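Subject: Structure handover and notes

Dear colleague,

I am passing on the structure we spoke about, together with some notes on what I found in it. Please read them with the structure open beside you.

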Amino acid sequence: RARGQQGDNFSSPSSTSTTSCKPRRVEAFALGELRRGWPSELNRDSSSAAPSNEGRDAVNSPAVAVAAAAHHTLVSTRTGRLFSFGLGKGGRLGMGDENHRPLPTRILGPLTKRIVASIAAAENHSLCSTSDGDVYAWGSNGFGQLGISNSGLDSNNSGGSSRLFPRRVEGGDLKHAFVVAVAAGDRHSVALTRLGEVYCWGDNRSGQLGTYISASAGGGSCAAAAAFPPTSSQTNNGRCCHRPQRVEGLWSAQPRRRAIAIAAAEFSTLVLTMPPTVSSGESSLAVSMPVNTIYGWGHGNHLPMRVNFPSAGVNSGKAVYSRPICVNPVVIACAKYHSVAVTADGRVYTWGLHSESLGIEKNGFAQPASQVLGSDWATSEGGRTRPRSQSGCGPSSAMTISSPQLVVGMLPENGGGVVVAVS
């Protein structure tokens with residue numbers, strides 16, 4: 001339904017649409033590259049007038065980035081224009097209405113004269129950052145993931161808790177920061193600044209924001225609490241926060257951790273940081289090995305936790321890592337129950353639940369979930385305790401990798417190659 005193909009049936013979200021087992025090119029962007037009309041003006045002769053879609057809402061340059069969610073797709077072009085297509089319920093397409101769009105349509109409004117630099121899509125909301133360092137959000141705001149309180153929504157938004165057009169995120173200290181990248185979980189949002197700060201806002205019931213949140217009395221504003229477990233009243237009142245909060249567990253650490261990449265999933269957030277340094281006068285001294293570090297939080301944990309890679313030459317289960325250099329992650333991604341990283345030399349590491357999605361053998365390095373994760377994963381959904389049999393995390397249905405493991409099937413000698421990107 002969100003493939004950008006003209007033949008898809010968009011009459012109803014529940015209607016059956018045409019499926020494709022093979023990749024299909026979104027012709028609007030291919031034709032835009034050749035400056036030809038779309039979709040029916042392909043045979044004009046040279047004496048004819050220019051196609052009407054060469055205006056401000058045309059696809060006039062190649063696509064350079066995509067972000068896909070369950071019901072819609074975002075595409076940014078080389079010239080900084082942003083397009084969306086798919087199901088429009090809740091305003092996730094940013095068109096000012098909730099209509100479905102089977103073909104790529106440019107998002108205008110506040111983005112008309114701005115250059116889009118990064119994009120992110122979640123199930124019910126979308127994010128982008130612009131070349132001037134601002135963040136814009138639209139779609140569902142049920143958990144504050146748009147950076148605004150529900151009381152601040154316009155009365156003409158039929159969704160009640162939705163934003164049908166992009167709106168700048170200005171809450172907290174984010175309005176003074178220059179944002180270079182965004183990431184979107186199902187119910188929370190993440191932004192990365194030029195200085196390496198990480199800001200989070202939205203649902204925090206599973207610790208996705210990387211800090212404890214306490215709701216201040218009156219006005220419904222939220223503030224980051226100290227790095228201590230919250231009281232029962234704070235837990236009940238501070239599950240969501242619409243004001244962007246800087247993750248002080250990284251920024252205020254000694255030495256300071258500066259992020260260079262971010263990723264978000266339904267219950268968690270993942271961050272890649274550069275090697276920490278300590279400034280002393282005019283010089284800077286590295287305090288650890290010159291490799292990047294990954295931190296993650298969520299699934300019941302409210303504070304950033306370092307992801308430890310297997311050391312070279314250490315026997316881990318059936319795998320012996322005999323690499324002479326340290327693991328240096330450069331690309332990260334995360335999903336609902338697992339995460340993945342790519343190293344500088346093109347190797348892939350995975351960790352989390354379900355060996356099928358981790359690319360490893362079931363009886364290789366995996367352990368039953370009940371022996372590793374305890375209650376964190378079983379209490380992740382909505383912050384409520386659930387039996388593992390209901391959450392799909394029981395030993396019978398899942399295997400757990402508590403630390404990253406090398407995906408040997410992607411090694412060049414096993415028919416893989418040097419990996420450069422992952423999703």
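To begin with one residue, P166 touches G94, I107, P110, L111, Y136, A137 and W138, leaving aside residues up to four places away in sequence. Please keep in mind throughout that this is a predicted model. P166 is found in strand β8, and with a relative accessible area of 4% it is buried, since the cut-off for that word is under 20%. Of the residues it touches, A137 is 29 residues away along the chain, and the C-alpha atoms of P166 and A137 are separated by 5.2 Å.

The strand that holds P166 belongs to an open sheet of four strands, which has the order β5-β6-β7-β8 and antiparallel pairing. Its edge strands are β5 (116-121) and β8 (162-168), each of which pairs on one side only, and the twist from one strand to the next averages 10°. Within this sheet, strand β7 (residues 135-140) and β8 pair in the antiparallel sense over four bridges, and Y136 stands opposite R168 in β8.

Another open sheet of four strands, also described as antiparallel in its pairing, runs in the order β9-β10-β11-β14. Here β9 (179-184) and β14 (240-246) stand at the edges with a single partner strand each, so that one side of each is left without a neighbour in the sheet. The twist averages 10° from one strand to the next. Four bridges join strand β11 (residues 198-203) to β14, the two running antiparallel, and Y199 stands opposite R246 in β14.

Earlier in the chain, strand β1 (residues 63-68) and strand β2 (residues 72-77) pair in the antiparallel sense over five bridges, with A67 opposite L74 in β2, and a hairpin of three residues joins β1 to β2.

Turning to the aromatic side chains, the count comes to three aromatic pairs. The rings of F267 and Y337 have their centres 6.3 Å apart and their planes at 35°, so this pair is tilted. F267 lies in the loop between β15 (259-264) and β16 (268-273), while Y337 lies in the loop between β23 (329-334) and β24 (338-343), so the pair ties together parts that are 70 residues apart in sequence. Both F267 and Y337 are buried.

F309 and W351 form an edge-to-face pair, at 6.2 Å centre to centre and with 75° between the planes. This pair, too, links distant parts of the chain, for F309 is in the loop between β20 and β21 (315-316) and W351 is in strand β25 (residues 348-353), 42 residues apart. F309 is buried, with a relative accessible area of 17%, and W351 also counts as buried, at 9% relative accessibility. Ring pairs link F309, Y349 and W351 into a cluster.

Charged groups also meet rings in this model: R194 lies over the face of F178, at 3.9 Å from the ring centre, and the charged end of R256 sits over the ring of W251, 4.0 Å from its centre.

Lastly, H302 lies in strand β20 (residues 301-307) and is buried, with a relative accessible area of 15%. Not counting residues up to four places away in sequence, H302 touches N204, G207, G210, T211 and Y212.

With best wishes

Technical notes
Residues are numbered from 1 along each chain as its sequence is written. This is a predicted model: local features need pLDDT of at least 70, side-chain atom pairs count only at pLDDT 80 or more; totals for chains, interfaces and linings use all residues. Side-chain values use heavy atoms; hydrogens and water are left out. Two strands pair if DSSP finds at least two bridges between them. Axes are lines fitted to C-alpha atoms, for helices over the stretch in contact, and angles run from 0 to 180 degrees between N-to-C directions. Buried means under 20% relative accessible area, exposed over 50%, partly exposed in between (1.4 Å probe, protein chains only). Contact means heavy atoms within 4.5 Å. Rings of Phe, Tyr and Trp (its six-membered ring) pair if their centres lie within 6.5 Å; planes under 30 degrees apart count as stacked, over 60 as edge-to-face and the rest as tilted. A charge sits over a ring if NZ of Lys or CZ of Arg is within 6 Å of the ring centre and within 35 degrees of the ring normal.
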